[in-house]
Amino acid sequence: MMARVAFRNVMRHRMRTMFTVIALSIAVALLADMLMLSRGMEKTFYRVLASVGYEVRVCPRGTLPFTTDAVLDESGPVVTAMNRDERIERTLSVLGTTLHVDSLPLFALGVEGERQSLYRVIAGRDVASPNEIVLNKNAALAFHTTIGDSLQLRRDASSAVLAFSSTRSMIVTGVIDIPFDLPNQRTAILPLKTVQEIRDQPGAVSFVVAKLKGGEESFAPLDEQKAVAASLAAKFPDLSVYSMDELLSALQRQLAYFKQFALILSTISLLVTFLLVAVVLTIGVGERRGEIAALRSMGFRRRSIQSMILSESALLLAMSAVFGSVLGWFLAGYLDHILTQSPSLPEGYRFFIPAWREILMAIALSGAAGIIAATLPAISAARIDIPKTLHEEVV
Amino acid sequence: MGMNALLPLIIALSTLGRVEPAQPIVLESALGQAMHIAAGDTVQLRLPGATLSHAYVVSGFYSPPPDPAGISRTSRQAWMTLPDLEQFSSRDDRVSRVVLSLTPGANEDSLLDALNATELGFRAYRAADVARQSSQTFVVISNFHKAISFLSILTGAAFLAAIVLLQVQELRRSLGVLRVIGISKRRIYTVVIGETVLLANVGAAAGVGIAVLVSRFVNSYYRSYFSTNLLFSSIEGWHVILAFGIASTVGVVLGSLATTYLFKSDINEVLGR
């Protein structure tokens, strides 16, 4: 009964309701998007790490993989210690560097390890001997090479002075796909020893990753990851050792700004919802004092009046939830498009990942803020002095 | 010529006697504070995994100029002479970049063309081009902020529209009386629009006040968080003018719409006849 009255009250002022719903919808959409922003980065990081599939990483102290040119000059002891650890199933040593084909730079990764999951061969086959190389699509396209062609690699860009510097002839054996490749980046995979020889740094690696036993399809339990990381850190105090959660938090620290931005904007969205519902209902109750007093004089109980005002709030919020969800879903795509224009972002990196979980959470939080905001005008409406109000309104 | 030691270094305070004269090194102030190193101290540096270390005397400290691109950098910097770094890293005749300072009036474009024509395996850039390229991320973030600002303006406008409609409906009766006693529509328009513009500008003033406080908080928090002197947020004159400009425009548009909506009502209905 009171819900029907509330519906009529809301529909009586269509323009006002429309503007209120527009404002509330944007607030709900923004809240949903900020929740998506907060979770989207976590999901992306996790997806990238999951696609690579290794749980423990050993890097030069204070660095993260590929964030600096730093290398472990002597990687042998690290790999030996990992291979001796019974909890570790396999390791992969990686040395990243920039090489050149003519004057074009090529990001080369030297890798060594069994059953690697760092990249996927999509055509041809993987490297098997020191003079073989696999390229990503960008590199194959830029160098106009196909499987079976040879490629002349140099450590430095070709020039008049360096014309006589040594080149290394490599045979292209396949085309690969790397999950964390940068857009337009030309990437190649070579045997680790070949890259070390070209760089004249025998034994050097950028990082070593380890896959633990018992987690072939997914990751090994976190406790085990931490235990392995701790034992390696104790053996190599000069290096940084990361388990999955430590790596995730280290990566997220670099994007702390977005997390905090999302938190601040979420709070503001909730505040706007609260204020909007409180102001609209308070003025609405003031406008309908006579009507409410008449209802009370006809025998409507205080609780009924309260439920009428709360129903009005719920109705406004329900309409806003519908429009806000749709708006939030599309807005997430638009905002993601803006942020992913940023250079140096890995391909497939997403800031906003539209998800029903975040939409439902935004609706629940906005609903709670709206109902709390409606409580005060509802109490005020229920406590109207009937004779006095009827006298003022009628006379 | 100094060179930034980009190699990861392991630094430890030395208490050992020096075997050979130690070379000078300048450390980043934050590193000095974190490791309680004072000028004149001797530090031992070695590459990760290496067993041999080299002794250097800390000749001073420096704070890197504020650089937004390096804000998430966790590694610390040290400066030493290029020959010292070459000896330390056992890598000769290599530099990351060479920077040139031109004589006043020199033709930058022709020099750039001449350098790039040499084909010596490098590429020359103007400082401005490098700055523009490295600030691309911040341009993207700025676009993101603009999109959020636009949504905030939309929310504010819809909020104001709802309030103005409520206000106008509350005033229906008195406005009806005003029309009956001969007050012109134009005057009523002016009053309602004036009231809406005033309300919007009061909101803008409160918003600017909150923005100033938030801006101070943001600067203080992020400067401490990232240990930097960068200015993260600044409220400039044109921001304030823009805020009041948007508020006034929204006020005029919504006031006009609300009054037009009001005048569509039948005067007898308004007066309750």
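Colleague: What covers the buried residues of H7(A)?

Modeller: In this predicted model, the cover over the buried residues of H7(A) includes H2, strand S1 (56-60), helix H6 (222-235), strand S10 (239-242) and helix H8 (256-287), which belong to chain A.

Colleague: And which residues of that helix are buried?

Modeller: Helix H7 of chain A runs over residues 244-253, and its buried residues are Met244(A), Leu247(A), Leu248(A), Ala250(A), Leu251(A) and Gln252(A).

Colleague: Now the cores: how many residues has the largest nonpolar one, and which have the most contacts inside it?

Modeller: The largest nonpolar core has 58 residues, and those with the most contacts inside it are Met34(A), Leu37(A), Tyr119(A), Phe351(A) and Phe352(A), together with Phe144(B) from chain B. Helix H2 of chain A, residues 14-52, gives this core its largest share, which comes to 12 residues.

Colleague: What is Phe351(A) in contact with, leaving aside its neighbours within four places in sequence?

Modeller: With those neighbours left aside, Phe351(A) is in contact with Met36(A), Leu37(A), Gly40(A), Met41(A), Phe258(A), Asp336(A), Leu339(A), Thr340(A) and Leu345(A). Another core, of 49 residues, lies apart from the largest one, and among its members are Val10(A), Leu166(B), Ala258(B) and Phe263(B).

Colleague: Switching to the interface, how many residues of each chain are in contact, and what area do they bury?

Modeller: There are 38 residues of chain B in contact with 53 residues of chain A, and the two chains bury about 4,000 Å² between them, with 71% of it on carbon and sulfur atoms. Of the area that chain B buries against chain A, 16% is supplied by Phe144(B), Phe159(B) and Leu166(B), more than by any other three residues.

Colleague: How many salt bridges and polar contacts are there across it?

Modeller: The rule finds zero salt bridges across the interface of chain B and chain A, while two residue pairs are in polar contact, both at pLDDT 80 or more. On the side of chain B that touches chain A, helix H5 (136-170) and helix H7 (185-226) of chain B each supply at least two residues, and H5(B) provides the largest share, 21 residues. That side of chain B divides into 23 nonpolar, 10 polar and five charged residues.

Colleague: One last spot: why does Ala140(A) count as buried?

Modeller: Ala140(A) counts as buried because its relative accessibility is 15%, where the cut-off is under 20%. Ala140(A) lies in helix H4 of chain A, residues 137-142, and, not counting residues up to four places away in sequence, Ala140(A) touches Leu135(A) and Thr145(A). Between the C-alpha atoms of Ala140(A) and Thr187(A), which are 47 residues apart along the chain, the separation is 9.1 Å.

Key:
Residues numbered from 1 in each chain as written. Chains lettered and ligands numbered in written order. Predicted model: local features only at pLDDT ≥ 70, side-chain atom pairs only at ≥ 80, totals over all residues. Heavy atoms only, no water. Contact = heavy atoms within 4.5 Å. Buried area = accessible area lost by both parts, 1.4 Å probe. Salt bridge = Lys/Arg side-chain N within 4 Å of Asp/Glu carboxyl O. Polar contact = N/O pair within 3.5 Å; in protein donor to acceptor, adjacent residues only side chain to side chain. Helix = DSSP H or I, 4+ residues; strand = E, 2+ residues; numbered from the N terminus. Nonpolar A, V, L, I, M, F, W, Y, C, P; charged D, E, K, R; others polar. Core = buried A, V, L, I, M, F, W, Y, C linked by side-chain atoms within 4.5 Å. Buried < 20%, exposed > 50% of the residue type's maximum accessible area, 1.4 Å probe, protein only.
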